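User: Hi! Could you walk me through this structure with me at the bench?
Analyst: Happy to. Let's put it up and start.

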Amino acid sequence: MGGFLDSLKNFFTIPADSGSKFIIFKIICNKCGEEINVKASRTSDISQVYDEEGPSGSTHFLRKEILGNNCNNLIYITVYFGQNYNIISKEITGGKFVD
């Protein structure tokens, strides 16, 4: 019976590293210095650009509010992507990107 339950668990569990389904950003909070990994899903977090919003050549964008574990500083990111999810521009308030 353990095999059946393991199969059921694997069916409903998202793999830890699902490759191309997520884009990961590393940021540092300006207030406390905490390093935060932000995982953005290509299917639910990233939206399509409409009405020529954003920089030239952008086809998708991400807007996200991030709150770390160490303090109450909200960090805001806006990232615009090209057709193959290559980053065209990125902005951050309340923190900085780790490259």
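User: Where does L67 lie?
Analyst: L67 lies in strand β4; strands here are DSSP runs of E with at least two residues, numbered from the N terminus. Before we go on, this is a predicted model, where local features need pLDDT of at least 70, side-chain atom pairs count only at pLDDT 80 or more, and totals for chains, interfaces and linings use all residues. Residues are numbered from 1 along each chain as its sequence is written, and side-chain values use heavy atoms, with hydrogens and water left out.

User: Thanks. Is L67 buried or exposed?
Analyst: L67 counts as exposed, at 51% relative accessibility. The cut-offs are under 20% relative accessible area for buried, over 50% for exposed, and partly exposed in between, using a 1.4 Å probe and protein chains only.

User: Which residues make the nonpolar surface patch with L67?
Analyst: L74 and Y76 join L67 in a patch of about 270 Å². Patch residues have over 30% relative accessible area and no salt bridge, with nonpolar side chains (Val, Leu, Ile, Met, Phe, Trp, Tyr) joined within 5 Å and like charges within 9 Å. The areas come from the Shrake-Rupley method with a 1.4 Å probe, and for residues only the protein chains shown count as cover.

User: Switching topic: how many salt bridges are there?
Analyst: The whole structure has 2, counting a side-chain nitrogen of Lys or Arg within 4 Å of a carboxyl oxygen of Asp or Glu. One pairs D45 with K64, with the closest N and O atoms 3.7 Å apart. D45 sits in the loop between β2 (35–41) and β3 (47–48) and K64 in strand β4 (residues 60–67), so this pair ties together parts 19 residues apart in sequence.

User: What does R63 pair with?
Analyst: R63 forms a salt bridge with E53, and their closest N and O atoms are 2.7 Å apart. R63 is in strand β4 and E53 in the loop between β3 and β4, so parts 10 residues apart in sequence are tied together. R63 is partly exposed at 48%, and E53 is partly exposed at 26%.

User: And inside, which residues touch the most other members of the largest nonpolar core?
Analyst: F25, I27, L62, I66 and F81, out of 16 residues. Such a core is a set of buried Ala, Val, Leu, Ile, Met, Phe, Trp, Tyr and Cys residues joined through side-chain atoms within 4.5 Å. The elements giving two or more residues are β1 (22–29), β2, β4 and β5 (74–81).

User: What about T78?
Analyst: T78 is in strand β5 and is buried, at 19%. Not counting residues up to four places away in sequence, T78 touches L62, R63, S89, K90 and E91, where contact means heavy atoms within 4.5 Å.

Note on methods: Helices (H or I, at least four residues) and strands (E, at least two) are DSSP runs, numbered from the N terminus.
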